[in-house]
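Let's take a friendly walk through this chain together. Please have the sequence and the 3D view open as you read.

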Amino acid sequence: MIHVQHLTKTYEDLRRGRFRAVDQVSFTVQPGEIFGLLGPNGAGKTTVLRILSTVLRPTSGIATIDGYDVTHEPAEVRRRIGFVSNNTAIYDRMTAWEMVEYFGKLHGMQNEFLKTRLEKLFEQLRMNEFRDVPGGKMSTGMRQKVSIARALVHDPPVLVFDEATLGLDVLVARNLLEVIRELRAAGKCLIFSTHIMSEVERLCDRIAIMHQGRILDSGTLEELTSRHSEDNFEELFFSLLSDHEDEHHTLEDGRMEVTQ
Ligand SMILES: Nc1ncnc2c1ncn2[C@@H]1O[C@H](COP(=O)(O)OP(=O)(O)OP(=O)(O)O)[C@@H](O)[C@H]1O
């Protein structure tokens, strides 16, 4: 469903010059699977997810959603993907129902069809008790559910959660993880990015550990722990990161010597 091959994105800034925010990243995700992208701030997770949702163009490499190329067929990709982050704008004066309806209309959904879809979604996400509450009066949990409903309204097969639990209280975050599990059970293909290790451990079927634009390793939790002879996932994560940094600095030094 999601295929990413040698995806690279370079940026230019004053301090770092031209650098690779995403460097030769490859992975696939199947329907009914939650794929975790785990990495510290600045690892490149958001950049990968923005490329998948057609907001950014890759510098090189290929990404397809359900066979459609993100660079060449963005409209087809957008029909098949929903994006949930922690900072989705919620309009103060629109009710939960109106907001989700509005996004359904943006996707070209019409009257009765849209109404049936909204009824189903509000039931599924347990949003009926606040369907008429305006954004300005919503709790964080309500706002998060509206963001999810917005991303789901056109019933996309692929869903992307980018640091979606950031800033949520424990109960709301727990509910969100429950919703994500339900979506997996419904056969959706899910990517979940976070810097919180316990979330990927509890939720994800496969995990990619990302640092400085690269995927350092990926696999099931069992595969990762047995490959690195390390039972403690946290230890494994930090040792992968520090090994990479050591290697990377050696390489950088090597490169400098060559160019001098
Ligand atoms: N428009 C941009 N111009 C220059 N550099 C950028 C731009 N966007 C992101 N970056 C840099 O690219 C790198 C990867 O950023 P990205 O946001 O993808 O990381 P992330 O893993 O999602 O981390 P975070 O959780 O902090 O968002 C960072 O070093 C960031 O500073």
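## A tour of the fold

Of the contacts in the chain with a separation of 6 or more, 67% are between residues 24 or more positions apart. Please keep in mind that this is a predicted model. Its secondary structure comes to nine helices and 10 strands. The radius of gyration is 20 Å, close to the 18 Å that the globule rule gives for 260 residues, so the chain is as compact as a globular protein of that length. Along the principal axes, the C-alpha atoms fill a box of roughly 65 × 40 × 35 Å. Of the 260 residues, 33% are buried.

Let's turn to the ligand. Which residues are around it? They are Y11, D13, A21, G39, N41, G42, A43, G44, K45, T46, T47 and E163. Two elements, β1 (2–13) and α1 (45–52), each give two or more residues to this shell. The largest share, three residues, comes from α1. Sorted by class, the shell holds three nonpolar, six polar and three charged residues.

One member of that shell, E163, deserves a second look. You will find E163 in the loop between β7 and α6. Its phi is positive, about 45°, although E163 is not a glycine. Is E163 buried or exposed? It counts as buried, because it has 20 C-beta neighbours inside 10 Å, and the cut-off for a buried residue is 20 or more.

Q24 makes a useful companion to this residue. It is found in strand β2 (residues 17–29), and its phi, near 55°, is again a positive value in a residue other than glycine. Q24 has 14 other C-beta atoms within 10 Å, so it is partly exposed.

Next, follow the chain to helix α6. This helix has 16 residues (170–185), which at 1.5 Å a residue should span 22 Å; the end C-alpha atoms are 23 Å apart, which agrees. Which residues of α6 are buried? They are L176, I180, L183 and R184. These four cover an arc of only 100° around the axis, which means that they sit on the same side of α6. On the other side, V170, L171, R174, E178, E182 and A185 are exposed. What covers the buried residues of α6 includes three strands, β3 (33–38), β7 (158–162) and β8 (189–194), together with the helices α5 (140–152) and α7 (197–203). Just after α6 comes G187, with a positive phi of about 90°.

Helix α3 (residues 96–106) invites a similar reading. Its buried residues are A96, W97, M99, V100 and G104. What do the buried residues of α3 pack against? Their partners are α4 and α5. Just after α3, G108 takes a positive phi of about 80°.

That leads us on to α4 itself, which spans residues 111–124 and includes K115. K115 has 14 C-beta neighbours inside 10 Å and therefore counts as partly exposed. Try locating K115 and E101 in the viewer: they are 14 residues apart in sequence, and their C-alpha atoms are 7.9 Å apart in space.

Methods. Residues numbered from 1 in each chain as written. Predicted model: local features only at pLDDT ≥ 70, side-chain atom pairs only at ≥ 80, totals over all residues. Expected span 1.5 Å × (residues − 1). Buried ≥ 20, exposed ≤ 12 C-beta atoms within 10 Å, placed from the backbone. Arc of directions from axis to C-beta. Contact = placed C-beta atoms within 7 Å. Near = placed C-beta within 6 Å. Nonpolar A, V, L, I, M, F, W, Y, C, P; charged D, E, K, R; others polar. Rg over C-alpha atoms; globule rule 2.2 N^0.38 Å.
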